[in-house]
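Grab a pencil and work through these exercises with the structure open beside you. Try each task before you read its solution.

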Amino acid sequence: MSKDPIQIFSDTVVALCTPQGNGAIALIRISGPSSWNVGQKFISLISGKKLDEVTSHTVHAAIVHNASEHVDTVMVLALKGPKTFTGYDTIEITCHNNALIIQSIIELAIKHGARPAQQGQFTRQAYENKKIDLLQAEAIHELITAQTQTALKKSLSQLQGSLSDQVASIEDMLCKSIAWCETSFEFLDDAGDFFLEISQFLRAIIEKIEPIISGYAAQKQIRQGYRIALIGAVNAGKSSLFNLLIGHKRAIVTPIAGTTRDSIEASQIIDHMVITLIDTAGLRVTADLIEQEGIERSFSEAHASDVILLVIDGSRALTQQENIIYRDLIEKYEKKIIFIQNKSDIEQKKHNFFEKLDIEPLIISTQNNNEKNLLEAELVKKISLLSRNHALPFLINKRHYELLQAVYNDINLILNMLENSGTTPHYELISHHLRQALEQISELTGKSVSEQALDRVFKEFCVGK
């Protein structure tokens with residue numbers, strides 16, 4: 001007979017909590033009601049005391065043994081629940097980071113009553129024991145996988161409850177709206193007062209949700225960093241600019257037109273931001289099928305990127321075809337373009353192109369390494385302009401977005417029902433929709449969420465977290 005899900009997550013489990021691979025130390029965690037009992041069967045404290053005799057939240061030198069065989073000399077952190085991350089008694093073993101030692105210790109824990117932890121099981125235990133809500137559990141995953149400084153800060157803020165507080169406020173206003181709505185069943189003669197109170201709560205909810213869901217699309221940049229596409233005609237100096245920005249010769253640079261036939265990527269950290277630079281094939285008409293494919297990818301990268309470095313060769317006049325291509329790019333993507341007039345070390349041609357469009361390009365030479373700082377400053381400035389909508393102290397994922405969007409739609413529907421109901425709103429129907437919205441909000445924090453939904457959330461975690 002299969003176990004009940006709640007029983008599974010109250011089992012005593014063991015897992016490696018540090019990444020596998022070479023290193024000085026590794027940490028193995030045992031968590032659950034029987035963790036101290038499991039641990040003392042194969043851990044001997046050097047002090048001579050038994051594990052169940054020591055004070056909670058203390059560290060001890062110890063030996064891990066398999067019968068009379070010495071496995072490793074370790075440090076053991078002994079923690080009594082409920083004042084632990086998971087809420088259960090916990091043993092954390094810091095051993096030497098050798099795969100054979102780690103395997104031996106985990107096998108000993110399993111031999112003496114623990115079972116291997118599932119993905120995200122320690123965090124799931126913390127959630128089940130109400131140490132954290134579901135939003136905070138997801139913030140732990142965001143914190144671990146954060147690729148940018150901004151994502152790191154927002155995940156930490158969310159773990160401390162920034163999003164949970166917002167959701168609790170929305171939940172409170174929904175509860176008050178339901179209370180007013182259901183009180184109205186008894187006092188229909190005073191419907192006008194109830195209408196005003198409920199409307200005020202609902203408009204306040206809309207004001208809270210609107211900025212959260214409106215910033216969802218841009219949060220991919222926060223999580224993964226910014227994509228910077230170098231776009232321009234053949235021999236404009238894109239590859240030289242790419243090499244300058246990454247600090248070494250990654251892209252092939254030759255005077256032959258069409259050298260770059262595919263997109264080349266490299267990541268850099270600039271001003272605590274992760275950026276991915278993409279060198280693209282030069283834009284021109286060509287009969288070469290391979291180069292044509294590269295040019296198509298260039299246009300795709302222009303569309304997908306967060307910032308475009310539009311590189312123009314300042315040493316020659318633009319062709320009619322280049323004028324058409326560049327104007328089309330500007331029409332579509334002007335807000336995310338940094339205009340670069342390259343090859344300032346060569347005599348410059350007068351570019352009416354920029355003058356007609358009232359554009360002030362950044363005039364540079366990739367032969368001058370000192371101009372790298374100038375380029376990076378322009379990138380930081382452009383990214384900062386794009387990041388103005390990222391002021392919220394948390395990140396929402398697809399699950400959050402869909403639930404908040406559903407609540408937002410429900411609230412707008414209810415407001416519409418209130419405002420178009422004539423003299424007496426249908427409070428019974430409004431109450432039904434309010435309860436539906438409340439259920440969706442409760443699903444965010446995990447107060448009312450299905451087992452299947454929880455499984456989907458924790459499936460994203462790694463084993464050991």
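A residue counts as buried under 20% relative accessible area, exposed over 50%, and partly exposed in between, using a 1.4 Å probe and protein chains only. What you're looking at is a predicted model, in which local features need pLDDT of at least 70 and side-chain atom pairs count only at pLDDT 80 or more, while totals for chains, interfaces and linings use all residues. Residues are numbered from 1 along each chain as its sequence is written, and side-chain values use heavy atoms, with hydrogens and water left out.

**Exercise 1: aromatic rings**

Task: work out which residues the ring pairs link into a cluster, and whether Y127 is buried or exposed.

Solution:
- Step 1. Start with the rule: rings of Phe, Tyr and Trp (its six-membered ring) pair if their centres lie within 6.5 Å, and planes under 30 degrees apart count as stacked, over 60 as edge-to-face and the rest as tilted.
- Step 2. Two aromatic pairs turn up in the structure. One of them joins Y127 and F458, with centres 6.3 Å apart and 45° between the planes, so it is tilted by the rule.
- Step 3. Now place the residues: Y127 lies in helix α4 (residues 121-128) and F458 in helix α17 (residues 451-459), so this pair ties together parts that are 331 residues apart in sequence. Helices (H or I, at least four residues) and strands (E, at least two) are DSSP runs, numbered from the N terminus.
- Step 4. Check the accessibility: Y127 has 10% and counts as buried, and F458 is buried at 3%.
- Step 5. F458 also pairs with F461, again tilted, at 5.3 Å centre to centre and 35° between the planes. F461 is buried too, with a relative accessible area of 3%.
- Step 6. Put it together: Y127, F458 and F461 make up the cluster.

**Exercise 2: charges over rings**

Task: find which ring the charged end of K80 sits over, then do the same for K465.

Solution:
- Step 1. A charge sits over a ring if NZ of Lys or CZ of Arg is within 6 Å of the ring centre and within 35 degrees of the ring normal.
- Step 2. For K80, the ring is that of W36, with the charged end 4.5 Å from its centre.
- Step 3. For K465, the ring belongs to F85, and the distance to its centre is 4.6 Å.

**Exercise 3: salt bridges**

Task: say which parts of the chain the salt bridge between R115 and D11 links, and which residues join R124 and E128 in one network.

Solution:
- Step 1. Side chains of opposite charge can pair when their charged atoms come close. The cut-off for a salt bridge is a side-chain nitrogen of Lys or Arg within 4 Å of a carboxyl oxygen of Asp or Glu.
- Step 2. Searching the whole structure gives 14 salt bridges. In one of them, R115 meets D11 at 2.9 Å, N to O.
- Step 3. That pair links distant parts of the chain: R115 is in strand β7 (residues 115-116) and D11 in the loop between α1 (5-8) and β1 (13-16), 104 residues apart. Both R115 and D11 are buried.
- Step 4. Try another: E92 and R29 meet at 2.9 Å, N to O. Here E92 is in strand β6 (residues 90-96) and R29 in strand β2 (residues 25-31), 63 residues apart. E92 and R29 are both buried.
- Step 5. Then there's R124 with E128, whose closest N and O atoms are 2.9 Å apart. R124 and E128 both sit in helix α4, four residues apart, or about one turn of the helix.
- Step 6. R124 is buried at 1%, while E128 is partly exposed at 23%. Salt bridges with shared partners bring R124, E128, E451 and D455 into one network.

**Exercise 4: backbone oddities**

Task: find where the cis peptide bond is, and where A67 and K130 lie.

Solution:
- Step 1. The cis bond joins G81 and P82, with omega about 10°. P82 belongs to the loop between β5 (69-79) and β6.
- Step 2. A67 isn't a glycine, yet its phi is positive, about 60°. A67 lies in the loop between β4 (58-66) and β5, and it is exposed at 68%.
- Step 3. K130 has a positive phi of about 60° as well, although it is not a glycine. Its place is in the loop between α4 and α5, and at 73% K130 counts as exposed.
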